[in-house]
Amino acid sequence: MTTTATAARGEARREARARAGDRIFKGTSTAAGILILLILAAVAIFLLIQAIPALRAPAEEVMGGEGLLGYIAPLLFGTILSSVIALVIATPLAVGIALFISHYAPRRMAQGLGYAVDLLAAVPSIVYGLWGFTWLAPRLTPLYRWLSDNLGFIPLFAGPASPTGRTMFTAGVVLAVMILPIVTALSREVFLQTPRLHEEAALALGATRWETIRYAVIPYGRSGVVSAAMLGLGRALGETMAVAIVLSATGAVTFNLIGSTNPSTIPANIALTFPEATGLDVSVLIASGLVLFVITFGVNMLARWVVNRRAEFSGAN
Amino acid sequence: MAKLIDVSDLNIYYGDFLAVEDVTMTIEPRAVTALIGPSGCGKSTFLRSLNRMHEVIPGARVEGKVVMDGQDLYGSDIDPVTVRRQIGMVFQRPNPFPTMSIYENVAAGIKLNAKRMKKSDLDELVERSLRGANLWNEVKDRLNRPGAGLSGGQQQRLCIARAIAIQPDVLLMDEPCSALDPISTLAVEDLIEQLKLEYTIVIVTHNMQQAARVSDKTAFFNLAAVGKPGKVVEIDDTATIFSNPSQKATEDYISGRFG
Amino acid sequence: MSAPTTDTTRTAQPAGSSRAGMREHRLPKWAPAAVVGAALVVAVLLTLPFGAPVAGVAVLTAILAVGGIWLASRIVEGSRKATDRLVTALVTVAFLIAMVPLVSVVWTVVANGAARLDVQFFTHSMFRVVGEGGGALHALWGTVIVTGLATLISVPIGLLTAIYLVEYGRGRLARWITFLVDVMTGIPSIVAGLFIVAVFALLFRPGLQLGLMGGLALSVLMIPVVVRSCEEMLKLVPNELREASYALGVPKWRTIIKVVLRTAVGGIATGITLAVARVTGETAPLLLTVGLTAGLNFNPLEGKMATLPVYAYYQYTAPGVPPEFAIERAWTAVLLLIALVMGLNLLARVISRVFAPKAR
């Protein structure tokens with residue numbers, strides 16, 4: 001090889017460029033990662049700053065006239081109540097569907113059925129709202145009437161039944177449908193990760209399919225299902241539009257799930273009140289948003305923590 | 001273009017773990033040096049430290065000197081990228097770029113480095129490299145097909161063509177035939193035989209017959225116990241190592257008593 | 001864990017039971033279908049006095065079928081098999097229940113939205129429209145602009161973060177970023193909207209609503225999704241290819257751009273398309289940050305902008321008098337939105353097919 005001076009200089013220049021390129025590229029990608037942390041911190045900080053006027057305001061000036069706590073507490077109650085209903089309905093259903101897809105459906109169909117459930121997640125929340133309002137609520141009213149007539153002694157079904165069907169229970173059902181795909185998808189994933197050997201060992205011992213699932217698949221996937229349910233809970237807590245449209249909210253704190261007076265939820269209340277709000281009211285709404293942020297953040301963190309711990313300790317592979 | 005490499009007092013680490021201890025050897029130009037030894041003794045680690053591929057692994061580092069052309073490859077002013085342009089490498093499993101055609105794979109060293117070259121020069125370089133890798137006649141009619149479509153042996157020769165296309169001085173081969181069938185292995189061994197006329201070649205192999213067939217010099221690596229660092233037990237002419245080794249451990253290994 | 005069933009049932013099915021025995025104590029293959037058919041007939045007959053409502057028949061059929069299969073199996077096959085059949089029936093029913101909302105959502109939206117799916121809907125805005133007529137041209141454009149802005153912001157940040165995590169990230173910072181990106185995927189969309197409102201209120205003035213704000217709010221939701229999917233795709237690129245490139249003397253940054261990204265491009269495009277699909281339907285943050293106008297506004301830096309979801313929301317909840325025209329428009333907007341989102345999902349699958357590695 002003949003190395004002329006120009007070639008050597010070219011090589012040196014290329015080398016310098018390569019080093020600079022590496023530094024710049026590493027720098028920008030690291031910066032992008034850090035930016036995400038900053039955004040997350042900024043969410044908390046800016047919400048807090050804008051919530052300060054509400055925190056300082058005298059009780060009678062806050063919407064409702066009972067102070068910030070008095071304003072947010074019933075909303076928080078409604079948020080949690082609707083989400084718990086959603087979770088109670090969705091979790092068993094999701095586990096059943098996940099098992100159906102992972103262990104019961106014919107192999108060739110399993111993937112297609114998985115897509116079908118995933119499609120539920122693709123439907124925008126406003127669509128669920130309109131659907132819940134026009135399709136679901138009227139179809140649930142006969143059920144509510146029957147419940148209040150026959151099971152009215154249970155506080156949950158005290159009635160009188162709402163004639164429109166836009167009740168806490170309906171909102172819970174809509175939320176259940178909305179979180180169903182995420183809980184199903186995560187549960188399905190953990191069920192599919194069950195070491196094949198465990199399952200085959202159980203089958204070889206003469207267990208039926210259900211016994212195999214009961215003693216090999218479910219114990220293995222339990223913590224995965226728990227975290228899936230928690231992620232679903234996080235979604236349900238923050239869901240806005242569907243609840244805003246479906247629920248006929250009056251602000252009462254009640255466990256009656258089928259009546260016409262219902263507590264609102266934090267996100268739905270923000271969506272309904274914000275467009276007309278000014279001044280201190282905006283600050284109050286932002287304060288309620290901050291509460292929601294902190295709660296969902298906590299729930300999600302806990303869920304991820306459970307998932308990560310599980311990943312570390314699972315004996316698979 | 002082939003060059004001599006002088007390794008002295010080389011210690012290779014993964015984090016705090018000393019993987020290879022105190023290697024001193026001279027790698028002759030225009031010759032094949034084979035590195036043999038049991039699994040985990042550090043042959044591949046040593047090979048990868050010759051072109052500074054070792055430090056790609058997080059936490060990996062090296063102490064000592066590797067001198068080529070009077071220059072310490074681990075000198076503070078040396079860019080590992082430049083070292084790798086002078087010392088090419090062929091891996092255990094053929095790894096052509098799946099998104100590139102056969103032609104683009106051979107030209108990858110030029111294209112990926114954004115060097116400018118006339119189309120006719122590039123065509124010539126690709127042909128020369130493919131001929132050099134004994135692959136031209138098999139692929140000349142389908143240069144635009146994906147490289148991943150070739151057989152395993154052809155893919156490995158494609159990777160060799162890719163490595164020699166950047167005109168390195170030294171060629172490192174990390175068990176280049178271990179994923180190949182006997183016929184492809186033979187083709188690659190024939191190729192090594194030809195390449196040593198122009199390049200300094202270092203090859204790691206688990207196959208003792210292969211070492212005996214293709215190499216001029218052989219270095220035997222071993223480790224005292226699991227968790228202890230690997231060391232060079234003996235380095236000598238291949239004929240001597242295989243017929244009359246000076247160390248008992250070498251003889252035991254070659255005669256198949258362990259490893 | 002206790003034993004699967006009582007010991008008596010275990011011994012009642014001796015391991016040495018002959019093949020003939022196995023064959024005898026088994027329900028024929030057509031049995032479940034027959035039971036479902038019978039359950040349907042009974043359910044219809046029982047609900048006939050009430051006019052046999054579809055929902056009632058369906059629920060009753062499911063209950064009768066599940067119970068019937070269990071009973072038949074219990075009698076013919078024994079209790080262990082019966083439990084197995086019961087669970088099979090239950091998980092199948094669970095799946096069918098999940099399909100009810102999917103089918104009914106699509107049906108409701110198509111049935112209500114088809115009426116106004118005309119040319120005028122795509123060529124007119126709501127500028128000076130009261131009552132009949134009008135369209136969603138402005139909202140369609142708004143959705144494209146706002147979603148496009150969000151994509152422009154999120155993709156570079158998300159992709160670079162994924163590159164950091166896969167190619168450079170080590171130690172505590174990388175672990176924290178990974179963890180918090182996961183947590184960030186769970187931020188309620190309304191909080192993202194409030195965040196942007198809070199930022200702009202502090203930096204400019206309260207009550208501001210801009211297309212840009214919507215794009216920023218959506219990108220808060222979109223970035224973590226992009227990071228996750230890009231990260232998965234980059235991890236799929238085999239390390240051997242990176243090493244092959246390094247061994248050719250290619251610097252790391254060029255290796256990442258020309259080899260790693262080039263190899264993963266299909267998966268990345270799929271992931272980004274899915275992320276776009278996810279934020280396209282977001283309503284709540286846009287309600288707060290972008291608002292609604294009646295006419296076209298192409299400038300994201302000035303004034304409110306209409307977007308499909310917010311348009312649908314207001315047409316539905318504040319229809320004016322007479323309400324039916326606005327409600328029709330709302331359904332058509334929602335139909336368009338669902339078609340857009342499902343279309344993007346489909347597009348994502350096509351992209352991943354097209355870019356799938358070809359063997360030869």
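A crossing of two helices is called left-handed if the near helix is turned anticlockwise from the far one by less than a right angle, and right-handed if the near helix is turned clockwise. In the predicted model described here, the crossing of H2(A) and H5(C) is left-handed. The two elements are helix H2 of chain A, residues 67-104, and helix H5 of chain C, residues 79-113; their axes come within 8 Å and cross at roughly 110°. Because angles of 65 to 115 degrees count as roughly perpendicular, H2(A) is described as roughly perpendicular to H5(C). On the side of H2(A), the contact is made by Leu93(A), Gly96(A), Ile97(A), Leu99(A), Phe100(A) and Tyr104(A). H5(C) contributes Thr88(C), Leu90(C), Val91(C), Thr92(C), Ala94(C), Phe95(C), Ile97(C) and Ala98(C). By class, the residues of this contact comprise eleven nonpolar, three polar and no charged.

The contact between chains A and C as a whole takes 73 residues from chain A and 76 residues from chain C. Within the side of chain C that touches chain A, H5(C) gives the most, with 20 residues. That side of chain C is made up of 57 nonpolar, 13 polar and six charged residues.

In chain A, the domain assignment gives domain 1 (1-56) and domain 2 (60-313). The centres of these two domains, taken over C-alpha atoms, are separated by 40 Å. Nine residues from domain 1 of chain A and ten residues from domain 2 of chain A enter the contact between them. The domain 1 side of this contact has eight nonpolar residues, one polar residue and no charged residues.

An unreviewed UniProt entry places the feature "transmembrane region" in chain A at residues 31-52, 72-101, 113-137, 167-186, 240-259 and 282-303. Two of these spans were examined in the model. Residues 72-101 of chain A are 100% helix and 0% strand, with end C-alpha atoms 41 Å apart. Residues 240-259 of chain A, by contrast, are 30% helix and 0% strand, and their end C-alpha atoms are 21 Å apart. The annotation "domain: ABC transmembrane type-1", also from an unreviewed UniProt entry, covers residues 76-303 of chain A. Over that span chain A is 76% helix and 0% strand, and the end C-alpha atoms lie 20 Å apart.

For chain C, an unreviewed UniProt entry gives the annotation "domain: ABC transmembrane type-1" for residues 140-348. This stretch of chain C is 78% helix and 0% strand, and 21 Å lie between its end C-alpha atoms. The domain assignment of chain C gives domain 1 (23-108) and domain 2 (123-355). Taken over C-alpha atoms, the centres of domain 1 and domain 2 of chain C are 43 Å apart.

Chain C also touches chain B, in a contact that takes 26 residues from chain B and 21 residues from chain C. On the side of chain B, helix H2 (80-86), strand S6 (87-90) and helix H4 (108-112) each supply at least two residues. The largest share of that side, four residues, comes from H2(B). The residues of chain B that touch chain C divide into 13 nonpolar, eight polar and five charged.

Note on methods: Residues are numbered from 1 along each chain as its sequence is written. Chains are lettered from A and ligands numbered from 1 in the order in which they are written. This is a predicted model: local features need pLDDT of at least 70, side-chain atom pairs count only at pLDDT 80 or more; totals for chains, interfaces and linings use all residues. UniProt positions are given in the numbering used here, feature names are shortened, and annotations may be inferred rather than shown by experiment. Two residues are in contact if their C-beta atoms, placed from the backbone, lie within 7 Å. Ala, Val, Leu, Ile, Met, Phe, Trp, Tyr, Cys and Pro count as nonpolar, Asp, Glu, Lys and Arg as charged, and the others, Gly among them, as polar. Domain bounds come from an automatic or database domain assignment. Axes are lines fitted to C-alpha atoms, for helices over the stretch in contact, and angles run from 0 to 180 degrees between N-to-C directions. Angles under 35 degrees count as roughly parallel, over 145 as roughly antiparallel, 65 to 115 as roughly perpendicular and the rest as oblique.
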